[in-house]
Amino acid sequence: LDLQLDELTNNNPNYEVTFVVNPGKLTITPVTDEIRIIANSDEKVYDGEELTNDGYTVENLPEGFTVEAVVEGSQTDVGNNPNVVISYVIYDENGKDVTDQFTNVTTVDGELTVTPKPVTVTLTGHVGEEIYDGTEKSVTGYDVEISEDSYTESDFTYSGTSEAKGTEVGEYPLDLQLNELTNNNPNYEVTFVVN
């Protein structure tokens, strides 16, 4: 508080006045509480589309101030990625940028998570019927039924054989083995069923 001696005037001639000035002062200290800007986390089941979330929350911001933050992150395949606060601005109640007045601001990453989509793949072995004539007969192959259109036969591998053969009268199983089926697409959680 800047009091000036040359701006003081004695208005009473009956007194010889000596003015003494002890200046006052105003001290503004920074906000000491930690302000936290926290990026949103989000999760979904895989659908082939990018997962994003630009939301955020703010903790310990004094009344009358607002925060505008930019949050970026994305995840498409199964897995996770950080969702990051890449910039922020703090405004006072008049809309003035006062970011530099806040020295204790922490940004916290969120996490974007994509989980596998469940799918059931059913393999049904082919059935054949022949009349005995003394020669070897056989049937091969299988039909595939998939519960999810986006998952195709190219997404899994069957490494076994799919053949039944015989000569004598009787039944010969076309022996499809579950342990020879492999899912090649980590975006799906596959249940294999063999008939």
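**Notebook: Ser162, two sheets and a surface patch**

I began with Ser162 and found it buried, its relative accessible area being 17%. Buried is the word here because the cut-off is under 20% relative accessible area. I note that I am working from a predicted model.

Next I looked up where Ser162 sits in the chain. Ser162 belongs to the loop that links strand S11 (156-158) with strand S12 (163-166).

Which residues does Ser162 contact, once neighbours within four places in sequence are left aside? I listed Val139, Thr140, Gly141, Tyr142, Leu174 and Leu176.

**The sheet with S8**

One of these contacts, Tyr142, took me to strand S10, which covers 142-146. I found an open sheet of three strands, ordered S10-S8-S14, with mixed pairing. Strand S10 (142-146) and strand S14 (188-194) are the edge strands; each has a single partner strand, so one side of each lacks a neighbour in the sheet. Direction ignored, neighbouring strands of this sheet are turned by 20 degrees against each other on average.

I then checked how S8 and S14 are joined. Strand S8 (residues 117-125) pairs with S14 in the parallel sense, and seven bridges connect them. As one position to look at, I wrote down Val119, which stands opposite Val190 in S14.

**The sheet with S7**

I turned to a sheet made of four strands. Its order is S2-S7-S5-S4, the sheet is open, and its pairing is mixed. Which strands stand at its edges? They are strand S2 (42-45) and strand S4 (66-72). Each has a single partner strand, so one side of each is left with no neighbour in the sheet. For this sheet I noted an average turn of 20 degrees between neighbouring strands, direction ignored.

At the S2 edge I looked up the pairing. S2 and strand S7 (residues 110-115) run parallel and are joined by four bridges. Within this pairing, Asp42 has Leu112 in S7 as its bridge partner.

**The nonpolar patch**

Last, I looked at the surface. Leu5, Leu8, Tyr15, Val17 and Phe19 make a nonpolar patch of about 470 Å². I picked Val17 to follow up. Val17 lies in the segment before strand S1 (35-39).

Is Val17 buried, exposed or partly exposed, and what is its relative accessible area? Val17 is partly exposed, at 37%. Residues of a patch need over 30% relative accessible area, and Val17 has 37%.

To close the entry I set the two residues side by side: Ser162 is buried, whereas Val17 is partly exposed.

Technical notes. Residues numbered from 1 in each chain as written. Predicted model: local features only at pLDDT ≥ 70, side-chain atom pairs only at ≥ 80, totals over all residues. Heavy atoms only, no water. Helix = DSSP H or I, 4+ residues; strand = E, 2+ residues; numbered from the N terminus. Buried < 20%, exposed > 50% of the residue type's maximum accessible area, 1.4 Å probe, protein only. Contact = heavy atoms within 4.5 Å. Pairing = 2+ DSSP bridges. Axes fitted to C-alpha atoms, helices over the stretch in contact; angles between N-to-C directions. Patch = residues over 30% accessible without salt bridge, like charges linked within 9 Å, V, L, I, M, F, W, Y side chains within 5 Å. Areas by Shrake-Rupley, 256 points an atom, 1.4 Å probe, with all protein chains shown as cover. Salt bridge = Lys/Arg side-chain N within 4 Å of Asp/Glu carboxyl O.
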